[in-house]
Amino acid sequence: MLYLAIDQHRKQLTVNIRNEEGDVIEKRQVSTEWERVRAFFARLRDEAEPKGGFVAILEICGFNDWLLEMLDEYGCRETVLIQPEKRSKKKTDRRDADALGELLWVNRSRLLQGKSVYQVRRVLPPTTQERQDRQLTASRKRLTQLRTRAINRVQHILMRHNFQQECPTKGIQTIKAKKWLSELKVDSMDRLEMNQLLAQWAMHDTQLDEVNVRIEERQNEDEVASIVASIPGMGAYSSLAVACRIGPIDRFPRAKSLANFWGLTPGCRNSGEVTDRLGSITKQGSAMVRYILGQLVMRLLRHDPYLKQWYQRIKKRRGSKIARVAVMRRVAEIIWHMVKYKQAYVTGGPEAWEKVYGAGS
């Protein structure tokens, strides 16, 4: 079997190929032009077929999709996708590809069996549906940020001239306020900027409406998203965004594993007799999930008295910020149980849950 390591960039792939003995038999750069990259993989497939095929390893980035599809197309037996954690002080593309190749060959047995490798954070490639759902929810978040930016800029213009007190309504996001903004008498440059901002605002509203309709359709078709939506405060967008970033729940042996996967567990620097050097959370997982859980906390605490009491006890000892993060981690663990056993959220803690599902569930 051949072992292919790829350091991917926009214009070229730096590849490193090893044989079964671990010797490097080829290292080069391959252009990402379709003709050249297809010729390389076709030759690699023909050379690897008599030897049992080939496996590949590469680091995750924002444009892996086409390469992962091409590896499947040309008969790659297994694609190992990892997330880098440390950046070398002596970094080149060839060294990165060589290090990936060494990692793949040394740990080939465990990686091909799907087992964990120390200090290697393996990423499971998403399915087509998960990838589309992630793109859809990320687009919704981006549109919301762009609309907020336009609204804030409009408010800045009003505050600069002290016009905000003349607004006919309390806020500027009403129909009456928008009409007032379009007719407000300001100088020519402010009028030009105001008209552009109002047009952007209207455009983002239209785009958000289209995205929200698509999100509701996808959320209704997703079983995991429907289960996650039973948490108080979880809507179609937030439940779909969380559900599509879980993957197969069986790959997480414990509830804490999912919290760790999302970067909600504390880091540590323990050494010798000192075993309590716990720091802030690792933040190594999905930033989108942490953002949604952070927004969810205060709404959930208003609906679940048991969780609120638990939050208040931590707040007295450690402060509100650490208590909110602790609730985020607890919710991640609850989501694991919900998805694992296909059970909806129950307010009131373990006793209320046993009344609904029974002690043996």
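I began with Lys 342, which I find counted as exposed at 58% relative accessibility, and I keep in mind throughout that this is a predicted model. Its side chain forms a salt bridge with Glu 223, where the closest N and O atoms are 3.8 Å apart. I then looked up where the two partners sit: Lys 342 is in the loop between H13 and helix H14 (349-357), whereas Glu 223 is in helix H8, so the pair ties together parts that are 119 residues apart in sequence.

Next I went through other salt bridges, for which the count comes to 22. I noted one between Arg 18 and Glu 102, with 3.1 Å between the closest N and O atoms. Since Arg 18 belongs to strand S2 (residues 12-18) and Glu 102 to helix H3 (residues 93-106), this pair ties together parts that are 84 residues apart in sequence. On checking exposure, I found Arg 18 buried, with a relative accessible area of 4%, while Glu 102 is partly exposed at 36%.

I also looked at Arg 218 and Asp 133, whose side chains meet in a salt bridge at 2.8 Å, N to O. This pair links distant parts of the chain, with Arg 218 in helix H7 and Asp 133 in helix H5, 85 residues apart. Arg 218 counts as buried at 18% relative accessibility, because the cut-off for buried is under 20%, and Asp 133 is buried as well, with a relative accessible area of 1%.

I then turned to the largest nonpolar core, which has 46 residues, and asked which of them touch the most other members. I wrote down Ile 231, Ile 246, Trp 262, Leu 293, Val 331 and Ile 335. Tracing the core back to its helices, I found that at least two residues each are supplied by helix H5 (128-160), helix H7 (188-221), helix H8 (223-228), helix H9 (236-243), helix H10 (255-261), H11, helix H12 (305-318) and helix H13 (320-341). The largest share, nine residues, comes from H13.

Last, I looked at the surface, where Lys 283, Lys 315, Lys 321 and Arg 324 form a positive patch. I placed Lys 283 in the loop between strand S8 (278-281) and helix H11 (287-303), and I recorded this residue as exposed, with a relative accessible area of 55%.

Notes: Residues are numbered from 1 along each chain as its sequence is written. This is a predicted model: local features need pLDDT of at least 70, side-chain atom pairs count only at pLDDT 80 or more; totals for chains, interfaces and linings use all residues. Side-chain values use heavy atoms; hydrogens and water are left out. Patches are made of residues with over 30% relative accessible area and no salt bridge: like charges are joined within 9 Å, nonpolar side chains (Val, Leu, Ile, Met, Phe, Trp, Tyr) within 5 Å. Accessible areas come from the Shrake-Rupley method with a 1.4 Å probe; for residues, only the protein chains shown count as cover. A salt bridge is a side-chain nitrogen of Lys or Arg within 4 Å of a carboxyl oxygen of Asp or Glu. Lys and Arg count as positive and Asp and Glu as negative; His and the chain ends are not counted. The place of a charge is taken as NZ of Lys, CZ of Arg, CG of Asp or CD of Glu. Helices (H or I, at least four residues) and strands (E, at least two) are DSSP runs, numbered from the N terminus. Buried means under 20% relative accessible area, exposed over 50%, partly exposed in between (1.4 Å probe, protein chains only). A nonpolar core is a set of buried Ala, Val, Leu, Ile, Met, Phe, Trp, Tyr and Cys residues joined through side-chain atoms within 4.5 Å.
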